[in-house]
Amino acid sequence: MAHVKWLHIPCHSCGEELNTWDMRISHALGYEHIVCEKCVAKEYGKDVQEVRAIMEDHFGLKPCQGL
């Protein structure tokens, strides 16, 4: 499992700093701009843990160590 790497790029939606996990889930969901997992969760009416479970179940993605 990869370690989290901060990208020094703000979330397109809220402005929070993005990391490699945010980039991976944004690409998996087909977002045009990278958004943080909190914004993804908010958009789908889920909490962060539910989003992580969905990413693992449907896409086989696990969050980076350190998140």
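**Figure 1. Overall fold of the predicted protein chain.** Residues 24 or more positions apart account for 35% of the contacts with a separation of 6 or more in the protein chain, which is shown here as a predicted model. The chain comprises three helices and two strands, arranged along the sequence in the pattern β-β-α-α-α. Its radius of gyration is 11 Å, in agreement with the value near 11 Å expected for a compact globule of 67 residues. Along the principal axes, the C-alpha atoms occupy a box of roughly 25 × 25 × 20 Å. Of the 67 residues, 31% are buried. The surface exposed by the chain amounts to about 4,400 Å², and carbon and sulfur atoms contribute 52% of that area.

**Figure 2. Helix 1 and its surroundings.** Helix 1 spans residues 20-28, and its buried residues are Thr20, Trp21, Asp22, Ile25 and Ser26. The cover over these buried residues includes strand 1 (6-10) and strand 2 (17-19), together with helix 2 (37-44) and helix 3 (48-59). In an α-helix there are 3.6 residues a turn, so residues three or four places apart point the same way.

**Figure 3. The two ends of helix 1.** At the start of the helix, Asn19 places a side-chain oxygen within 2.9 Å of the backbone nitrogen of Trp21. Just after the helix, Gly30 adopts a positive phi of about 80 degrees.

**Figure 4. Environment of the buried acidic residue Asp22.** Asp22 lies in helix 1 and is buried, yet this residue forms no salt bridge. The nearest side chain of opposite charge belongs to Arg52, at a distance of 7.3 Å; this separation lies beyond the 4 Å limit for a salt bridge. The side chain of Asp22 instead reaches a backbone group, with the nitrogen of Glu37 at 3.0 Å. When neighbours within four places in sequence are set aside, the contacts of Asp22 are Glu17, Ile34, Val35, Cys36 and Glu37.

**Figure 5. Packing around Val51 in helix 3.** Val51 is located in helix 3. This residue counts as buried because its relative accessibility is 4%, against a cut-off of under 20%. Apart from residues up to four places away in sequence, Val51 touches Val40, Ala41 and Lys46. For one of these partners, Ala41, the C-alpha to C-alpha distance from Val51 is 6.0 Å, with the two residues 10 apart in sequence.

Notes:
Residues numbered from 1 in each chain as written. Predicted model: local features only at pLDDT ≥ 70, side-chain atom pairs only at ≥ 80, totals over all residues. Heavy atoms only, no water. Buried < 20%, exposed > 50% of the residue type's maximum accessible area, 1.4 Å probe, protein only. Helix = DSSP H or I, 4+ residues; strand = E, 2+ residues; numbered from the N terminus. Contact = heavy atoms within 4.5 Å. Polar contact = N/O pair within 3.5 Å; in protein donor to acceptor, adjacent residues only side chain to side chain. Lys, Arg positive; Asp, Glu negative; His and termini not counted. Rg over C-alpha atoms; globule rule 2.2 N^0.38 Å. Areas by Shrake-Rupley, 256 points an atom, 1.4 Å probe, with all protein chains shown as cover.
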